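Colleague: I am new to this structure and would like a close look at a single part of it, the salt bridges. Please take me through them slowly and set them in their surroundings.

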Amino acid sequence: VQLQASGGGLVQAGGSLRLSCAASGRTYNNMGWFRQAPGKEREFVAVISWGGGSTLYADSVKGRFTISRDNAKNTVYLQMNSVKPEDTAVYYCAASPGAVSSRMMRYDNWGQGTLVTVSS
């Protein structure tokens, strides 16, 4: 199954953006979002279980970002509200079997990134 992230772009601080991650086929895995800012390591953002009943967020985005999924469309979303300049990064979606996890090593299928730039 291939993953393709989209929806990135330029947004002003305080604005909103929705990222999408489309899978080429049905995935029964947990789906997560990670991001990598220039000069920094890739970090966990959010994850959602296959059934959608379990989610986990990084403290830095809790209350501002919402992860959701539509299994009928094989798509996972990341709704980003009240964005800040520090949210500027390349955002990646990835799939992970087993329990939801924020650990990057648990993810074995990665999509290409989509760039989000937040202007101040």
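Modeller: What follows is a description of the salt bridges, with the overall fold before them and a few loop residues after them.

The model is predicted, so that local features need pLDDT of at least 70 and side-chain atom pairs count only at pLDDT 80 or more, while totals for chains, interfaces and linings use all residues. Residues are numbered from 1 along each chain as its sequence is written, and side-chain values use heavy atoms, with hydrogens and water left out.

To begin with the setting, the secondary structure of the protein comes to 0 helices and 11 strands, where helices (H or I, at least four residues) and strands (E, at least two) are DSSP runs numbered from the N terminus. The C-alpha atoms fill a box of roughly 40 × 25 × 25 Å along the principal axes. The radius of gyration is 13 Å, which agrees with the value near 14 Å for a compact globule of 120 residues; this radius is taken over C-alpha atoms, and the globule rule is 2.2 Å times the number of residues to the power 0.38. Of the 120 residues, 42% count as buried, where buried means under 20% relative accessible area, exposed means over 50%, and partly exposed lies in between, with a 1.4 Å probe and protein chains only. Among contacts between residues at least 6 apart in sequence, 55% join residues at least 24 apart, a contact being heavy atoms within 4.5 Å.

Turning to the charges, the protein has 12 positive and 7 negative side chains, and the centres of the two sets lie 5 Å apart. In this count Lys and Arg are positive and Asp and Glu negative, while His and the chain ends are not counted, and the place of a charge is taken as NZ of Lys, CZ of Arg, CG of Asp or CD of Glu. Side chains of opposite charge can pair when their charged atoms come close. The structure holds 4 salt bridges, each defined as a side-chain nitrogen of Lys or Arg within 4 Å of a carboxyl oxygen of Asp or Glu.

A good place to start is Asp87, which forms a salt bridge with Arg35, the closest N and O atoms being 2.9 Å apart. This pair links distant parts of the chain, since Asp87 sits in the loop between β8 (75–80) and β9 (89–96) and Arg35 belongs to strand β4 (residues 30–36), 52 residues apart. Both partners are covered: Asp87 counts as buried at 1% relative accessibility, and Arg35 counts as buried at 6%.

Asp87 also has a salt bridge with Arg64, and here the closest N and O atoms are 2.7 Å apart. This pair, too, links distant parts of the chain, with Arg64 in the loop between β6 (55–57) and β7 (65–70) and Asp87 in the loop between β8 and β9, 23 residues apart. Arg64 is buried as well, with a relative accessible area of 11%. Taken together with Glu43, the residues Arg35, Arg64 and Asp87 are linked in a network of salt bridges.

Another salt bridge joins Asp59 and Lys62, whose closest N and O atoms are 3.1 Å apart. In this pair Asp59 is exposed, with a relative accessible area of 67%, and Lys62 counts as exposed at 51%.

The loop that carries Asp87, between β8 and β9, also holds Ser82. Most residues other than glycine have a negative phi. Ser82, although not a glycine, has a positive phi of about 50°, and this residue is partly exposed, with a relative accessible area of 42%. Asn74, in the loop between β7 and β8, likewise has a positive phi, of about 55°, without being a glycine, and is partly exposed at 21%.

Further along, Ser101 lies in the loop between β9 and β10 (109–110) and counts as buried at 7% relative accessibility. Leaving out residues up to four places away in sequence, Ser101 touches Phe44, Val47, Leu56, Arg106 and Tyr107. Ser102, also placed in the loop between β9 and β10, counts as partly exposed at 35%. With neighbours within four places set aside, Ser102 is in contact with Phe34, Phe44 and Leu56.
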